[in-house]
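I opened the notebook to record what I looked up in this model, entry by entry, beginning with a single residue and working outward.

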Amino acid sequence: MSTPPRDSVKSWPWRDRVGYYAAWAAGLTLIAVAGAIVIYMAFRGAQYFDLGMLFESPNATLNQSESGGFKDPLIGTTLLLVMSTLIAAPLGVTIAVWLTEYGRPRGLARTVESAVEVVAGTPSIVLAMFGLVFFQQQWLSFLTFSSEGSNVVLGRSFIAAAAMMSLIALPLVVGATREALNSIPGHVREASYALGKTKAATIRRVLLPAARPGIGTGAALGMGRVAGDTAIVVVLLGAVMQIQNGAEGSVFGLFRGLGSTLTSYVYYNSPAGEGLAPEKAYFAAFVLLLIVIVLNFIVTRIARGREPAWTR
Amino acid sequence: MDALKPPEPPREEQDVILTPPPPVRRIVVDREPTVVQPPPSNGHAPQAAPGAIGLASPVRRPEPSPGPKVERMRTESVSISYGDKVAVDDVTLPVRQGEVLALIGPSGCGKTTLLRSLNRLVEITPTAVRGGRITLDGEDIDQMEVTALRRRVSMVFQQPNPFPMSVFDNVAYALREQGSGRPGKEALMSHVGDALVRAGLWDEVGATLDHPALRLSGGQQQRLCIARALAARPEVLLLDEPCSALDPRSTQVIEELILKLRDEVAVVIVTHNMQQALRIADHVGFMYLGELVEYGPAEQVFGDPREARTREYVGGAFG
């Protein structure tokens, strides 16, 4: 087979040419926008670079030289990432496994699918409001922050925020896991059954290990979304900068406590919020961007990882 | 895979094989391994093309196994339908240890369905309904625990499908989790090694048991699947077109392996490839539209078929 002569774009009909150049332009514009954001943030981040900010707690003062850094927001972001992933990943994988491997009765499966889509489509501020109402119930008060000697259930804590954040990550985990499971050919499942294995053993020993790259991709994508969300933090983590322990002297108290994240720190310190420390906001935003870029990098690495390849 | 391969190469290509000009020979090597020998009626002597991979030896009928023939399984008036469609219609067949039973026939004739009924894998298809009786060593398989049955009646599929784990774990897969305690690696080692030896793979992978199985070549993967199926010491081995995804060289290795295995396990193989059936089968069942049209010794079915439909199919006239 010989290589066909390359046809030149000039010989194409004008409609094809317009589409071709539009596609090019769209791609280049996107690169330009993404590049502009990263370069601008990197420039600002370098301009206000101050490693000490990572290790200083923020202080409420008008004097910016004493208002500290964003150690607490950084801890808050990390804590929320870990907690919400710990909720979303097992739940999402379980839902995906049920949908792809069982999915009966059909009606229930379809309802679950719609529910996942609804959660995926809900704006995070709506999730936040719902979470607030939910965690304000008296019987859930042990999960949320309450000030000393007060019976008021405010419905705010790391647990409440992480629970709602996990709903943001959940559809991504479900989607990626389902895709990975669906890409495993049926004869691989049958090979396991044919060796005398039950469905449960097949899922545990063959399907989930094979779907691991997909699960990792979904979880990392979800973490990226969680790290970037502001609405839930502002509503459910309390409008405080420093971490406030919910019950002194216990680890669980931290989970019941209040705090902030990098997103809320940026918001409060930027000119959009009440603070007037844009340079701190810029550096925090730069750190946040770095975290998200690193998560994205991990996603790409995982996705490029070895999905086992079978012939169909 | 549904299109039936022409059972014989067209005439002019056969001539090409007899006197191979160099450029064509490469094409011949890439072909389905059907280029073996014209049926006995054709008259001309088999001349393997020099250098044709894996097909250098002309068809040789296997010596009948000297061991005793023991009937392990039997289907009695087995019928299987998917909804309204009857896939297998009233089939009665013996499956014996010490010989290879080949099921041949055109696509959609029910041979794979029949094979999958022997380990009750048809039950996975929700619409499938089965009638008749299937016995394993005289015991009705419907009365058996399905996982126990499938350990005794093992299966290898058309596509090599090792699990995404190490070579060792693949072979040990069927042995693990049989009880609540998980046996350790040392306890399993002798079984795993034994299965790999029986599948003729030990020399190639014995030193690298911890390597991922999906890194092996296609032919090695398929032999690994055979080793995996042999590990639990089954009485019956079902093979569903095990060579159709493999090159001629790997096909030859697996065919030799099947001939070696037939004394230890009863072997049932579904194949599209009649030359393959001729090479390895002791008994052949020809199925057409769900019916078992003819069953008999391979020499008889291929050399002197009783039924007109068998003669036409074996002669390549339809399908």
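**Entry: a threonine in a loop of chain A**

I looked up the surroundings of A:Thr144 and, leaving out residues up to four places away in sequence, found that A:Thr144 touches A:Phe135, A:Val153, A:Gly155, A:Arg156, A:Ser157, A:Ala160 and A:Arg256. The model is a predicted one, and I read every value here with that in mind. A:Thr144 sits in the loop of chain A that runs between helix H4 (124-135) and helix H5 (158-182). Is A:Thr144 buried or exposed? I noted a relative accessible area of 1% for A:Thr144, and because the cut-off for buried is under 20%, I entered A:Thr144 as buried.

**Entry: a cis peptide bond in chain A**

I then checked omega and noted that the peptide bond joining A:Arg104 and A:Pro105 is cis, with omega at about 0 degrees. A:Pro105 belongs to the loop between helix H2 (71-102) and helix H3 (106-121) of chain A.

**Entry: chain A as a whole**

Which elements make up chain A? I found 11 helices and 0 strands, so that reading from the N terminus I wrote the order as α-α-α-α-α-α-α-α-α-α-α. Taken along the principal axes, the C-alpha atoms of chain A fill a box of roughly 75 × 60 × 30 Å. Chain A has 312 residues, and 43% of them are buried. For the surface of chain A I wrote down an exposed area of about 16,600 Å², with carbon and sulfur atoms supplying 66% of it. I also looked at how the contacts in chain A are spread along the sequence: among those with a separation of 6 or more, 69% involve residues 24 or more positions apart.

**Entry: chain B as a whole**

Turning to chain B, I counted 12 helices and 10 strands. Chain B has 319 residues, of which buried residues make up 53%. The area that chain B exposes is about 13,600 Å², and 52% of that comes from carbon and sulfur atoms. For the contacts in chain B between residues at least 6 apart in sequence, I noted that 69% join residues at least 24 apart.

**Entry: positive phi in chain B**

I looked next at backbone angles and noted B:Asp90, which is not a glycine and yet has a positive phi of about 55 degrees. B:Asp90 lies in strand E2 (residues 85-97) of chain B, and at a relative accessibility of 46% B:Asp90 counts as partly exposed. I made a second note for B:Arg120, again a residue other than glycine with a positive phi, here near 60 degrees. B:Arg120 is placed in the loop between helix H3 (111-118) and strand E4 (128-136) of chain B, and with 11% relative accessibility B:Arg120 counts as buried.

**Entry: a proline between two helices of chain B**

Where in chain B is B:Pro305? I found B:Pro305 in the loop between helix H11 (298-303) and helix H12 (308-314). Why do I list B:Pro305 as buried? The relative accessible area of B:Pro305 is 7%, and because buried means under 20%, the entry stands. Setting aside neighbours within four places in sequence, I recorded B:Glu294, B:Gln300, B:Thr310 and B:Arg311 as the contacts of B:Pro305. I also looked up the spacing of B:Pro305 and B:Tyr295, which are 10 residues apart in sequence and 9.4 Å apart from C-alpha to C-alpha.

**Entry: where the two chains meet**

How many residues of each chain are in contact across the interface? I noted 22 residues of chain A in contact with 26 residues of chain B. Together the two chains bury about 2,100 Å² between them, and 60% of that area is on carbon and sulfur atoms. I found 1 salt bridge across the interface of chain A and chain B, in which the side chains of B:Arg116 and A:Glu190 meet at 2.7 Å, N to O. The count of residue pairs in polar contact between chain A and chain B is 6, with both residues at pLDDT 80 or more. On the side of chain A that touches chain B, helix H6 (186-193) and helix H7 (199-228) of chain A each supply at least two residues. I sorted that side of chain A by class and entered 11 nonpolar, 6 polar and 5 charged residues.

Terms used: Residues numbered from 1 in each chain as written. Chains lettered and ligands numbered in written order. Predicted model: local features only at pLDDT ≥ 70, side-chain atom pairs only at ≥ 80, totals over all residues. Heavy atoms only, no water. Contact = heavy atoms within 4.5 Å. Buried area = accessible area lost by both parts, 1.4 Å probe. Salt bridge = Lys/Arg side-chain N within 4 Å of Asp/Glu carboxyl O. Polar contact = N/O pair within 3.5 Å; in protein donor to acceptor, adjacent residues only side chain to side chain. Helix = DSSP H or I, 4+ residues; strand = E, 2+ residues; numbered from the N terminus. Nonpolar A, V, L, I, M, F, W, Y, C, P; charged D, E, K, R; others polar. Buried < 20%, exposed > 50% of the residue type's maximum accessible area, 1.4 Å probe, protein only. Areas by Shrake-Rupley, 256 points an atom, 1.4 Å probe, with all protein chains shown as cover.
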